[in-house]
Structures are given as C-alpha cells and as structure tokens.
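Ready to practise reading a protein structure? Work through the exercises below with the model open beside you, and try each task before you read its solution.

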Amino acid sequence: DGMDLLPGGTADDVALVSIGIDIGSSGTQVAFARLTLERGDGGEDVARLVTRRRETLYRSPIYLTPFLDGDRIDDAALGTLIDHAFAGAELSPDAIDCGVVILTGAARERANAAAIGARLAETCGDIVSASAGHHMEARLAAFGSGAAARSAEFGQRFLNIDIGGATTKLAVCEAGDVIATAALAIGGRLVATAKDDRIVRLDAWGREHAARTGFAWELGGPAPWAERQAVARGMADLLVAAITGK
C-alpha cells in the first residue's frame, strides 16, 4: 500500500515519499524526499528493497523550536510550523508513505516530548518516532557533516564538533567510521531571553554556567547582554579545555 510503480520501471520498482522531522533543542526542520526502491539482485536479497535513488523534494527553513514556560514543547506552535512545511512542499499528510520524527537534545527531555512524537507519527503517514541520545546524535552529526567519509578519503583521524542548543557532541572519526563519542552540556539555547533581556527559558545547565561565571540567573529575571557574553566565553573555554585537555 502507498507504493507507486516508477514510470518505465518494472513491477519490482517502487517510489515512496518520505518525511523527516528533526525537533532539536534550538531548531526544528522538516524535509521531504522521494525514494526510488528496487528489489535485490538475487539470493537472499531478492525479497529485500534497496534504495536506488533519493531525491529531495523540499527542505523547510530552520525554525526555532517553540517552548512554553516550564518544561513543555509548544505543540500547537510546532504543529503550525509543520503545516507550513507541508504547504511549502505542496504535499498533504496523506501523500507520505514513510519517514521519521527525531527528538534530540533538550527537546527530547521535555515532559510532553514522547506524546508529541507519537502524535506526529500517527498523523503523518507510516513514520517512526525516535528519541536520539547524545551518543547517537554525535554519530548522526559525524556522518551527516561528511567527517566520517573524509576520514576514509584522506586516511586521517577527524574530530567532528556539533554545537547545538543544549549540548555539544564530539565524534572521533577514523577509516570512515565513528570510533568514539562524547557530549557536553554546552549549547546556544541553555538560556533564552526576550527583547528586554528578561529570561524566558532557563535550562538547569544554563543556570549552572551562569553561577560558574558569578551570575545568579533565575527564570523571569534579567540576563543583560554583557552577562550572556561572559557566560558564552566561559562555555567556550570549557569546550576548548575538553578538546585539548588543557
């Protein structure tokens, strides 16, 4: 069901429309693709569909992941962003055959994250809801950035650094694979402020980084630009120290 024969293809060739929804600590993005599949050549692979071609149909802008005050994702605002992506792609949920929604970073730790993932999986076709832990995120970033492939191409060891909204992931790549990963509580949205410098979202680690720098940040209180710069420099110093061991 949901599989279309390819023009000029054989009965074993199928085309699927897939969706990928990445809900992260800082950003949310939606992408649509058409997958061209064909049967295996023979033997044990004859009953197995393999991807022959992947065509990107639409990639949405990177939206700021919407959060409510407290420990929840704004599911109504998130739904609006996803509706905009469907409109931009000129597709409807009924057109989706498969896909995945992945919650990462601070987004996956919110109280309603699992419910949101399950709801999207129900309404956007036959897709899977997944929550990626820090080490899986590090691996995904290393392969997605091309660092793993370059380690094989150049025969060198590469370090991929993925600075996200709530965490920074490190992945050591060698011979085309990821051989070690690590994660640190350093990110760009551990604190979020309004135009008047009032704190509207504060992660526990954001409060901790502020305290290390000498500031007592609290939700609803002020976080002037100069203080935020100082906290950011402190996080940068910690990241450099973790990488260099100095």
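**Exercise 1.** Is Arg207 buried, partly exposed or exposed?

*Solution.* Keep in mind that this is a predicted model. Start with the number: Arg207 has a relative accessible area of 32%. Next, recall the cut-offs: buried means under 20%, and exposed means over 50%. Arg207 is therefore partly exposed.

**Exercise 2.** Find the side chain that meets Arg207 in a salt bridge, and describe what the pair ties together.

*Solution.* First, look for the partner: the side chains of Arg207 and Glu218 meet in a salt bridge, at 3.5 Å from N to O. Then place each residue. Arg207 belongs to helix 5, while Glu218 sits in the loop between helix 5 and helix 6, so the pair ties together parts that are eleven residues apart in sequence. Finally, check the partner's surroundings: with a relative accessible area of 45%, Glu218 is partly exposed.

**Exercise 3.** Now compare two further salt bridges, one of Glu137 with Lys169 and one of Glu174 with Arg157. Which of these residues are buried, and which are exposed or partly exposed?

*Solution.* Take Glu137 and Lys169 to begin with. Their closest N and O atoms are 3.2 Å apart. Glu137 lies in helix 3 and Lys169 in strand 11, so this bridge ties together parts that are 32 residues apart in sequence. Both Glu137 and Lys169 are buried.

Move on to Glu174 and Arg157, whose salt bridge spans 2.5 Å from N to O. Glu174 is in strand 11, and Arg157 is in the loop between helix 4 and strand 10, 17 residues away. Glu174 is partly exposed, at 32% relative accessible area, whereas Arg157 is exposed, at 57%.

To round off, the count of salt bridges in the model comes to six.

**Exercise 4.** Explore the largest nonpolar core: which members touch the most others, and which element gives the most residues?

*Solution.* A general idea helps here: in soluble globular proteins, nonpolar side chains tend to be buried together. This core has 22 residues, and Ile19, Ile21, Ile23, Phe32 and Ile73 touch the most other members. Several elements each supply at least two residues, including strand 2, strand 3 and helix 2. Helix 1 gives the most, with five.

Now zoom in on Ile21. Beyond its neighbours within four places in sequence, Ile21 is in contact with Gln29, Val30, Ile82, Val100, Val101, Ile102 and Leu120. Last of all, look elsewhere: a separate core holds 15 residues, among them Ala166, Ile186, Leu190 and Ala223.

Technical notes:
Residues are numbered from 1 along each chain as its sequence is written. This is a predicted model: local features need pLDDT of at least 70, side-chain atom pairs count only at pLDDT 80 or more; totals for chains, interfaces and linings use all residues. Side-chain values use heavy atoms; hydrogens and water are left out. A nonpolar core is a set of buried Ala, Val, Leu, Ile, Met, Phe, Trp, Tyr and Cys residues joined through side-chain atoms within 4.5 Å. Buried means under 20% relative accessible area, exposed over 50%, partly exposed in between (1.4 Å probe, protein chains only). Helices (H or I, at least four residues) and strands (E, at least two) are DSSP runs, numbered from the N terminus. Contact means heavy atoms within 4.5 Å. A salt bridge is a side-chain nitrogen of Lys or Arg within 4 Å of a carboxyl oxygen of Asp or Glu.
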